[in-house]
Amino acid sequence: MGSSYMDYRGFGFWVRDHQAEVWLYLLAQEAKEVADAPAWLAAAREDWGRQATVGFTGFVSSCLDEHLATDPERTALTLQLSERALQRLRAWSPAIPKDLANSFGTGGPCSRFGGDLPTDPLLACGRAFVSLLRGELPPGHSTWAR
């Protein structure tokens, strides 16, 4: 089971690949709901969807520096999308049903979840992602690195 480094503006955190993939899948789904999405968001949505479903091992990336740069409006919109993805995860708590999780296509064509997918690690990933966007270190997140 691989891990990937999610980073933005010189800070980041390590997360299991499948958690990063599910998070980016959910973020891409939220981005699809934005009416008249700006070009940068459409590109980010495509990239997040690709990162979520290609099946990279150890190389899952949100490409935040590329898509958001230092633009506060882009960051604010991505924060809103992230909060909505967190709400969706909370609604599934304590676990995403296996069939639903497998319908996401995360992890590439050969990857399948054998059981329901616990939401607690995904929520932790989402909260760390939100903290990263805010430029904050999440409390108790011991694997942050610079």
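**Close-up views of helix packing in a predicted model**

**View 1. Helix H4 has the length expected of its residue count.** With 21 residues at 1.5 Å a residue, H4 should span 30 Å, and its end C-alpha atoms are indeed 30 Å apart, so the two values agree. Keep in mind throughout that this is a predicted model. H4 covers residues 72–92. Its buried residues are Thr75, Leu77, Thr78, Leu79, Leu81, Ser82, Ala85, Leu86 and Leu89. Several elements help to cover them, including strand E1 (3–8), H1, H2, helix H3 (64–68), strand E3 (95–96) and H6.

**View 2. H4 and H6 pack roughly antiparallel to each other.** The axes of these two helices come within 10 Å and cross at roughly 165 degrees. An angle over 145 degrees counts as roughly antiparallel, which is why H4 is described that way relative to H6. Their crossing is left-handed. On the H4 side, the contact is made by Thr75, Thr78, Leu79, Ser82, Glu83, Leu86, Leu89, Arg90 and Trp92; H6 brings Thr119, Leu122, Leu123, Gly126, Arg127, Phe129, Val130, Leu133 and Arg134. Sorted by class, the residues of this contact are nine nonpolar, five polar and four charged.

**View 3. Thr75 sits in helix H4 and is in contact with Leu133.** Is Thr75 buried or exposed? Its relative accessible area is 10%, so Thr75 is buried. Setting aside residues up to four places away in sequence, Thr75 touches Tyr8, Leu68 and Leu133. Thr75 and Leu133 are 58 residues apart along the chain, yet their C-alpha atoms are separated by 6.6 Å.

**View 4. H1 and H6 meet at roughly a perpendicular.** Helix H1 (residues 17–32) packs on helix H6 (residues 119–134) at an angle of about 65 degrees, and the axes are 9 Å apart. The two helices are therefore roughly perpendicular. H1 makes a right-handed crossing as it passes H6. Gln19, Val22, Trp23 and Leu27 of H1 meet Pro121, Leu122, Cys125, Gly126 and Phe129 of H6. Seven of the residues in this contact are nonpolar and two are polar, with no charged residue.

**View 5. H1 also packs against H4.** Here the angle is about 115 degrees, with the axes 9 Å apart, and H1 passes H4 in a right-handed crossing. From H1 come Trp23, Leu26, Leu27, Gln29, Glu30 and Ala31, while H4 offers Thr78, Leu81, Ser82, Arg84, Ala85, Leu86, Arg88, Leu89 and Trp92. The class tally for this contact is nine nonpolar, three polar and three charged residues.

**View 6. H1 is mostly covered.** How many of its 16 residues are buried? In H1, 14 of the 16 are. The span of H1 fits its residue count too: at 1.5 Å a residue, its 16 residues should cover 22 Å, and the end C-alpha atoms are 22 Å apart, so expectation and model agree.

**View 7. Gln51 of helix H2 is a buried residue.** Helix H2 runs over residues 39–53 and holds Gln51. Because its relative accessibility is 9%, Gln51 counts as buried; the cut-off for that is under 20%. Which residues is Gln51 in contact with, leaving aside its neighbours within four places in sequence? They are Glu21, Leu24, Phe56, Phe59, Val60 and Ser61.

Terms used
Residues numbered from 1 in each chain as written. Predicted model: local features only at pLDDT ≥ 70, side-chain atom pairs only at ≥ 80, totals over all residues. Heavy atoms only, no water. Axes fitted to C-alpha atoms, helices over the stretch in contact; angles between N-to-C directions. Helix = DSSP H or I, 4+ residues; strand = E, 2+ residues; numbered from the N terminus. Parallel < 35°, antiparallel > 145°, perpendicular 65-115°, else oblique. Left-handed = near helix turned anticlockwise from the far one by under 90°. Contact = heavy atoms within 4.5 Å. Nonpolar A, V, L, I, M, F, W, Y, C, P; charged D, E, K, R; others polar. Expected span 1.5 Å × (residues − 1). Buried < 20%, exposed > 50% of the residue type's maximum accessible area, 1.4 Å probe, protein only.
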